[in-house]
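User: Could you take a close look at one buried spot in this structure for me, and then show me how its surroundings compare? I'm a first-year student, so please go step by step.

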Amino acid sequence: MDLAALEAAVARDIAAGVRPLAVVATAGSVNTGVFDPIDKIADFCAAQGLWLHVDAAFGFWTLLADAPMCDLAKGIGRAQSIALDFHKWMAVPYDCGACLISDKTLHRATFANRPEYLASANKGLAGGAPWFTDYGIELSRGFRALKVWATVMATGTRALGAAVSDNIAQAKLMGDLVDASPHLTLAHPVVSNLCCFYAVRDDDPVEIAAQLQIEGRVVFSTTLIDGRQCLRAAMVNHRTTSQDIRAAVKAVETLVGGQ
Ligand SMILES: Cc1ncc(COP(=O)(O)O)c(C=O)c1O
């Protein structure tokens, strides 16, 4: 996020009599894995009295990584709300996301809706608190938290953090291999666990990705960066090794004119 552009947009809205609702920052962008300067954005939001939400679907988990990666999302704790996914980097089976909201009272007041058949009582089945239905849009809901509990208990936060650090190191390795290849060009510097690149010869990345997928060798996705189609590798698997990374780059090189 361009802070100057944010300030200008908010000033423009206020001058036009429009009160901005919230600022949404990103911790780990889908295309390139970059992180917004959350601390600075939080300063601005605090000064303007604006709600700060952070989309940290996968980037949240860099908080578990080794230094300096654990600082990528620095300041995220200052947000009023944070969205994060356990079903991405934490290897919890689909679906399992969460939204953390800092103001417990406001959170409950926003969602609690108690028609007569949902009245609470001092005792019996309707006794006790909290009622999870008061904190979201679902009344009937599955026990998704069990999957998180099982993953954390079986793996431990230290091992989960080590996997995050490994994946970031693997993305950096892929970036180095691409940089060193006469056949490939990085589409964007590697910041976290994503590496995007294309072929110098301009082979179609969509074709390359499909061919490698069909051969069962590597799964790249594709995306557009600065208007140019490229291969996109997102490292989020704790079983990925540096040999896999080397093999993935080699596989692309073979298709685009390398050995
Ligand atoms: C940064 C970011 N935000 C949001 C999403 C959407 O998450 P979900 O599919 O869990 O709704 C993704 C998924 O790719 C993401 O990477």
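Analyst: Let's begin with a word we will need: a residue counts as buried when its relative accessible area is under 20%, and as exposed when that area is over 50%. Please keep in mind that this is a predicted model.

Now find Asp134. Asp134 sits in the loop between α3 (104–111) and α4 (145–155). Is Asp134 buried or exposed? Its relative accessibility is 2%, and because that is under the 20% cut-off, Asp134 counts as buried. You can also look at what surrounds this residue. Setting aside neighbours within four places in sequence, Asp134 is in contact with His107, Arg108, Phe111, Ala112, Asn113 and Arg114. Try displaying these six residues together with Asp134 on your screen.

For contrast, move to Tyr94. Tyr94 belongs to the loop between β3 (81–85) and β4 (97–101). With a relative accessible area of 69%, Tyr94 is above the 50% cut-off and therefore counts as exposed. Being exposed does not leave Tyr94 without partners: once residues up to four places away in sequence are left out, Tyr94 touches His87 and Lys147. You can also trace a link between sequence and space here. Tyr94 and Arg144 are 50 residues apart in sequence, yet their C-alpha atoms are 9.3 Å apart.

Tyr94 has another feature to look at, in its backbone. The peptide bond that runs from Tyr94 to Asp95 is cis, with omega near -20°. Asp95 also lies in the loop between β3 and β4. A cis peptide bond also joins Ala67 and Pro68, and there omega is about 0°. To find that one, look in the loop between β2 (51–55) and β3, where Pro68 is placed.

Next, visit the loop between β7 (221–225) and β8 (228–234), where you will find Gly227. What is the relative accessible area of Gly227? The value is 67%, so Gly227 is exposed. Gly227 and Asp103 are 124 residues apart in sequence, and their C-alpha atoms are 40 Å apart in space. Asp226 lies in the loop between β7 and β8 too. Asp226 has a phi near 50°, a positive value in a residue other than glycine. At 76% relative accessibility, Asp226 counts as exposed.

Asp202 gives you another positive phi in a residue other than glycine, this time near 70°. Asp202 is found in the loop between β6 (194–199) and α6 (205–214). Its relative accessibility is 55%, so Asp202 counts as exposed as well.

Let's go back to buried residues and look at some cysteines. How many disulfides does a search of the whole structure find? The answer is zero. Why is Cys195 not bonded to its closest cysteine? The sulfur of Cys195 is 6.8 Å from the sulfur of Cys196, and a disulfide needs sulfur atoms within 2.5 Å, so the distance is too far for a bond. Cys230 is in no disulfide either: its nearest cysteine sulfur, that of Cys196, is 4.6 Å away. Cys195 counts as buried, at 0% relative accessibility. Cys230 is buried too, with a relative accessible area of 0%.

Finally, step back and put these spots into the whole chain. The chain has seven helices and eight strands, and its C-alpha trace spans about 75 × 50 × 35 Å along the principal axes. Of its 259 residues, 39% count as buried, and Asp134 is one that counts as buried. The exposed surface of the chain is about 14,500 Å², with carbon and sulfur atoms supplying 57% of it.

The domain assignment splits the chain into domain 1 (3–155) and domain 2 (157–255). The C-alpha centres of the two domains lie 29 Å apart, and the contact takes 22 residues from domain 1 and 21 residues from domain 2. Look too at how far contacts reach along the chain: among contacts between residues at least 6 apart in sequence, 62% join residues at least 24 apart. As for charge, the mean positions of the 22 positive and 26 negative charges are 7 Å apart.

Methods:
Residues numbered from 1 in each chain as written. Predicted model: local features only at pLDDT ≥ 70, side-chain atom pairs only at ≥ 80, totals over all residues. Heavy atoms only, no water. Helix = DSSP H or I, 4+ residues; strand = E, 2+ residues; numbered from the N terminus. Buried < 20%, exposed > 50% of the residue type's maximum accessible area, 1.4 Å probe, protein only. Contact = heavy atoms within 4.5 Å. Areas by Shrake-Rupley, 256 points an atom, 1.4 Å probe, with all protein chains shown as cover. Lys, Arg positive; Asp, Glu negative; His and termini not counted. Charge placed at Lys NZ, Arg CZ, Asp CG, Glu CD. Domains from an automatic or database assignment.
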